[in-house]
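Open the model in your viewer, with the sequence panel alongside, and follow the stops below in order.

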Amino acid sequence: MVHATEAYNPENIFAKILRGEIPCTPVYEDDYALAFPDINPQAPVHILVIPKGDYVSAADFAANAPPEMITGFMRALGKVAAAAGLEDSGYRLISNAGPDSHQEVPHLHYHILGGQPVGPLVVK
Ligand code: AMP
């Protein structure tokens with residue numbers, strides 16, 4: 001389980017993907033972001049978008065990423081959702097942080113989920 005304020009661990013699986021040590025099938029890549037399908041999809045479209053930098057969480061990213069990285073990454077999120085054909089039908093963006101969210105991988109990532117109604121925001 002990832003602690004919300006833990007230091008960045010460069011041995012996490014997404015860091016290894018960024019370094020090319022573990023394969024993925026990119027659906028988008030630029031100077032700021034890499035996007036690839038989730039290995040365990042929870043919806044017909046389930047894409048992960050990760051920044052090319054050492055950030056554990058959205059809070060870490062917001063506090064420590066340079067402005068051009070924040071801008072570039074946010075633009076990448078929008079481009080990936082659009083390229084996946086989700087703009088009309090809609091989609092959900094999720095970024096888990098810390099134990100209550102069940103964050104598994106301690107590298108900031110956004111899940112883009114769509115392709116069908118994705119249900120309530122929080123399971124009761
Ligand atoms: P989270 O619980 O928000 O940290 O989500 C981590 C996600 O990463 C899960 O949905 C996993 O299925 C996904 N995942 C783990 N390893 C890989 C991998 N090698 N390639 C693609 N997705 C992965």
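A residue is called buried here when its relative accessible area is under 20%, exposed when that value is over 50%, and partly exposed in between. With that cut-off in hand, select Phe14, which has a relative accessible area of 7% and therefore counts as buried. Bear in mind throughout that this is a predicted model.

**The whole chain**

Before going further into the side chains, zoom out and colour the protein chain by secondary structure, which comes to three helices and five strands. Traced from the N terminus, these elements follow the order α-β-β-β-α-α-β-β. The radius of gyration is 14 Å, close to the 14 Å that the globule rule gives for 124 residues, so the chain is as compact as a globular protein of that length. If you display the C-alpha trace alone and align it to its principal axes, it spans about 35 × 35 × 30 Å.

Next, switch on the surface: the accessible area of the protein chain comes to about 7300 Å², and 55% of this belongs to carbon and sulfur atoms. Of the 124 residues, 40% count as buried. A contact map is also useful at this stage, since among contacts with a separation of 6 or more, 56% join residues that are 24 or more positions apart. If you then select the charged side chains, the mean positions of the 7 positive and 14 negative charges turn out to lie 4 Å apart.

**The aromatic pairs**

Now show the aromatic rings as sticks; how many aromatic pairs does a search of the whole structure find? The search returns four. One of them brings you back to Phe14, whose ring forms an edge-to-face pair with that of Phe36, at 5.6 Å centre to centre and with 75° between the planes. This pair links distant parts of the chain, as Phe14 sits in helix 1 (residues 13-18) and Phe36 in strand 2 (residues 33-37), 22 residues apart. Phe36 has a relative accessibility of 4%, so this residue, too, counts as buried.

Move on to Phe61 and Phe73, which also form an edge-to-face pair, here with 5.3 Å centre to centre and 65° between the planes. Because Phe61 lies in helix 2 (residues 58-64) and Phe73 in helix 3 (residues 67-83), the pair ties together parts that are twelve residues apart in sequence. Both Phe61 and Phe73 are buried. Extend the selection to Tyr55 and Tyr110, and you have one aromatic cluster made up of Tyr55, Phe61, Phe73 and Tyr110.

**Along helix 3**

Staying with helix 3, select Gly78, which lies in this element. Is Gly78 buried or partly exposed? Its relative accessibility is 33%, so Gly78 counts as partly exposed. Draw a distance from its C-alpha atom to that of Asn64, and the viewer should show 21 Å for two residues 14 positions apart along the chain.

**The loop at His102**

For the last stop, go to the loop between strand 4 (91-94) and strand 5 (110-114), where His102 is found. With a relative accessible area of 54%, His102 is exposed. Its backbone deserves a look as well: most residues other than glycine have a negative phi, whereas phi of His102 is near 65°, a positive value. Finally, draw a distance between the C-alpha atoms of His102 and Pro117, which are 15 residues apart along the chain and separated by 22 Å.

Terms used. Residues are numbered from 1 along each chain as its sequence is written. This is a predicted model: local features need pLDDT of at least 70, side-chain atom pairs count only at pLDDT 80 or more; totals for chains, interfaces and linings use all residues. Side-chain values use heavy atoms; hydrogens and water are left out. Helices (H or I, at least four residues) and strands (E, at least two) are DSSP runs, numbered from the N terminus. The radius of gyration is taken over C-alpha atoms; the globule rule is 2.2 Å times the number of residues to the power 0.38. Buried means under 20% relative accessible area, exposed over 50%, partly exposed in between (1.4 Å probe, protein chains only). Contact means heavy atoms within 4.5 Å. Accessible areas come from the Shrake-Rupley method with a 1.4 Å probe; for residues, only the protein chains shown count as cover. Lys and Arg count as positive and Asp and Glu as negative; His and the chain ends are not counted. The place of a charge is taken as NZ of Lys, CZ of Arg, CG of Asp or CD of Glu. Rings of Phe, Tyr and Trp (its six-membered ring) pair if their centres lie within 6.5 Å; planes under 30 degrees apart count as stacked, over 60 as edge-to-face and the rest as tilted.
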